[in-house]
Every structure is written in C-alpha cells, then in structure tokens.
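This report describes one protein chain for a reader who is new to structural models. Please look at the sequence and the structure shown below before reading on.

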Amino acid sequence: MIETASQTDALPGTGEERAPATPFHFEAEAGPELFAGAGSTPPSDARLNPAYFERIPLLEITEATLARGRLLHPEYYQKHGKFFIAEAGTYRGRGLLSVLEVAKKVNTNVYVYALDSFEGLPPLSARDSETAPENASYRKRTLFADVTEREVHAYIGPAHKPNYELVKGFFCDTLPTLPKIKYLMAIIDCDLYSSHMDCMEYFYNRLLPGGVMFFDDYHSSHYPMAKIAVDEFLASRPEKLMHVGYGTPKGNNVKTYIVKS
Ligand SMILES: C[S@@+](CC[C@H](N)C(=O)[O-])C[C@H]1O[C@@H](n2cnc3c(N)ncnc32)[C@H](O)[C@@H]1O
C-alpha cells in the first residue's frame with residue numbers, strides 16, 4: 001500500500017472542493033479484510049459522499065500516468081506534440097472532462113478518443129446474460145441511451161474542442177476505424193463483458209510501456225461481468241492489477257488499473 005498526503009485543492013472540472021481522504025493503493029484481490037483500517041474516513045460532511053470519492057482515482061491515475069509518460073517517452077511526446085488517450089464508455093462526458101482538465105492542469109497536451117454508442121449499452125451477449133444479476137435494470141431496458149453527442153460537446157465546452165473527439169458507434173465497429181497509434185492511457189468504463197473484451201484486446205497491444213489501462217467497473221456489483229472479463233484477460237499477461245480507493249470502500253469507490261510492461 002502506498003499512502004500519499006490528503007489534499008484539499010479543487011477537483012478539476014467539477015467546481016467541487018477535493019475532500020480530505022486517505023488514499024489506499026494495493027496489489028491484491030480486494031476483500032473487506034483489506035480495507036480494515038486502510039484509510040476509510042467516515043463521511044462527516046456533505047462533500048464526503050460516495051459518488052464524490054468514486055471520481056478521485058481517475059484524476060489521480062491520470063495525473064500520475066501523464067507524469068510517467070513525460071519521463072519515459074519524451075521523444076514520443078516531442079514528435080507528436082501530445083499523448084493519445086482513449087476512453088471506452090463516455091456517456092455524458094464526466095470522465096472525459098476530468099481527464100482533459102487534469103492534462104491542462106499539468107501542462108501536458110493530450111488528444112482523447114472518446115468512444116461510445118451514444119445510444120446506450122449494446123444488447124447483452126450470452127456471457128453478459130449469464131452473469132447479470134437477476135434484477136439488473138439493464139436486463140429490461142437500454143441504459144445510457146439518454147444522451148446526444150451535442151450534449152456531450154456542450155458539457156465539455158469549446159476550450160477543449162481541439163483536444164478530443166467523440167467516436168460514435170459500438171466498439172466492435174469503431175475500434176477498427178481508429179488511427180494506428182500508441183496510447184498512453186486507455187480508460188475502460190463500459191460495464192459489460194463483451195465491451196471490456198473488445199477494448200482490452202484492442203488497446204492492450206497499443207499501450208506505450210508505462211502506459212495505463214484503467215478499469216472503472218471491476219468492483220461493481222451491478223456489473224460483475226467487468227471483473228470476470230478483466231481477470232480472464234489478465235490471467236495470461238504479466239501485469240498486476242492494482243486497486244485504488246478513497247473514503248469508504250463501498251459500492252464502486254475502488255477502481256483498478258494496470259501499468260503496461
Ligand atoms: C457507465 S457509462 C460511462 C460513464 C462515463 N465514463 C462517465 O465518466 O460518466 C458506460 C457507457 O459505455 C457505453 N458502452 C458500453 N458498451 C459499449 C459498446 N460495446 N459500444 C459502445 N458503447 C458502449 C454505454 O453506451 C455507456 O454510455
């Protein structure tokens with residue numbers, strides 16, 4: 001476990017203050033026993049809510065990954081003038097805006113390919129149907145269909161326009177259309193088994209050494225297929241899955257990532 005100091009500065013792009021919280025990173029299967037005494041400050045005011053804690057790992061990992069990219073790949077950065085990042089599962093753009101704001105804050109140019117159907121989750125694959133909880137809402141209706149690209153552009157704002165593009169369509173159709181480039185970071189936030197597999201298979205070999213694949217849903221009880229997919233994919237690969245969480249280890253507060261060898 002690596003502990004860093006608590007912070008109280010502003011959260012990029014949210015207008016919210018960063019709440020004091022003790023981060024905990026660890027390299028292991030996450031189980032309740034690992035959280036005991038691992039910096040789980042109980043919420044004591046309105047800012048310390050689980051939804052808020054859930055966003056901190058992406059901010060922190062993005063910042064660390066950009067710093068590592070500058071250290072390990074200065075020639076790549078100089079040649080392209082930027083690092084490439086992919087986000088698989090953008091929805092309304094909250095994660096996308098966080099990444100763009102972090103990059104701006106640390107003075108590192110990025111270009112983000114933000115992939116989403118913008119029509120919601122695809123139909124469940126056989127594997128997803130087997131695994132989804134009986135009462136999962138996405139068995140009955142299409143989640144995340146209530147957004148348009150125009151709304152995402154409006155949310156992100158014109159200042160970031162040169163630094164990202166929305167790639168609309170199902171991953172199986174859009175991944176093959178992406179340019180042949182190396183990525184510093186791939187953010188996988190797409191809930192389902194088949195979606196995870198499509199993205200991991202595409203991005204793993206296209207990550208720069210020291211680059212990161214970040215998994216938003218590994219600890220989600222609503223989408224248990226995310227963990228199944230990630231574990232299956234990593235079983236034959238050398239990278240170790242890292243877990244990072246802030247605040248109380250509840251719900252989907254703990255996120256996971258690998259650093260590419
Ligand atoms: C949880 S949301 C993403 C949330 C977003 N990253 C954020 O920060 O708010 C998951 C998104 O993944 C998209 N998605 C999942 N599987 C997909 C697929 N195979 N092709 C395209 N989009 C997919 C859904 O449309 C949905 O918008």
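Leaving aside its neighbours within four places in sequence, with which residues is Met213 in contact? Two residues are in contact if their C-beta atoms, placed from the backbone, lie within 7 Å. By this rule Met213 is in contact with Ala186, Ile188, Phe203, Tyr204, Leu207, Tyr257 and Ile258.

**Basis of the model**

The model is a predicted one, in which local features need pLDDT of at least 70 and side-chain atom pairs count only at pLDDT 80 or more, while totals for chains, interfaces and linings use all residues. Residues are numbered from 1 along each chain as its sequence is written.

The predictor's confidence in each residue is called pLDDT and runs from 0 to 100. For this chain the mean pLDDT is 85, and 80% of the residues reach 70 or more. The chain has 9 helices and 8 strands; helices (H or I, at least four residues) and strands (E, at least two) are DSSP runs, numbered from the N terminus. Among these elements, helix H1 (residues 32-35) has the lowest mean pLDDT, 32, and strand E3 (residues 110-116) has the highest, 99. Two stretches have pLDDT under 50: residues 1-21, with 41 contacts beyond four places in sequence, and residues 28-47, with 25 such contacts. Where pLDDT is low, the predicted coordinates should not be read in detail.

**Burial and the nonpolar core**

A residue is buried if 20 or more other C-beta atoms lie within 10 Å of its own, exposed if 12 or fewer, and partly exposed in between, with C-beta atoms placed from the backbone. Buried residues make up 39% of the 261 residues in the chain. Of the contacts between residues at least 6 apart in sequence, 72% join residues at least 24 apart.

A nonpolar core is a set of buried Ala, Val, Leu, Ile, Met, Phe, Trp, Tyr and Cys residues joined through C-beta atoms within 7 Å. The largest such core has 60 residues, and Ile85, Tyr183, Ala186, Ile188, Met213 and Phe214 touch the most other members. In soluble globular proteins, nonpolar side chains tend to be buried together.

**Strands and helices**

Strand E3 is largely enclosed by the rest of the structure, because 6 of its 7 residues are buried. Strands pair if DSSP finds at least two bridges between them. Strand E2 (83-88) runs parallel to E3 and is joined to E3 by 6 bridges, with Phe83 opposite Val110 in E3. Strands E5 and E6 also pair in the parallel sense, over 5 bridges, and the bridge partner of Ile188 in E6 is Phe215. Strand E6 is mostly covered, with 7 of its 9 residues buried.

Helix H8 (residues 193-203) is mostly covered as well, since 9 of its 11 residues are buried. Among them are Ser195, His196, Asp198 and Cys199. The cover over the buried residues of H8 includes E2, H5, helix H7 (171-174), strand E5 (183-188), strand E6 (207-215) and helix H9 (224-234). In H9 the buried residues are Met225, Ala226, Lys227, Ala229 and Val230, and they pack against H5, H8 and E6.

**Residues in loops**

The table lists four loop residues with the burial class and the neighbour count of each.

| Residue | Class | Other C-beta atoms within 10 Å |
|---|---|---|
| Ser137 | exposed | 11 C-beta atoms |
| Tyr204 | partly exposed | 17 C-beta atoms |
| Asn107 | exposed | 8 C-beta atoms |
| Asp191 | buried | 21 C-beta atoms |

Ser137 lies in the loop between helix H5 (126-131) and helix H6 (149-156). The C-alpha atoms of Ser137 and His222 are separated by 9.1 Å, although the two residues are 85 apart along the chain. Tyr204 is in the loop between H8 and E6, and its C-alpha atom is separated by 9.3 Å from that of Tyr183, 21 residues away along the chain.

Most residues other than glycine have a negative phi, and most peptide bonds are trans. Asn107, however, has a positive phi near 60°; this residue is in the loop between helix H4 (94-105) and E3. Asp191 has a positive phi near 70° and is placed in the loop between E5 and H8.

**Surroundings of the ligand**

Which residues come nearest to the ligand? Of the 19 residues around the ligand, they are Gly89, Tyr91, Gly95, Phe144 and Ser195, where a residue is near a molecule or strand if its C-beta atom, placed from the backbone, lies within 6 Å of it.
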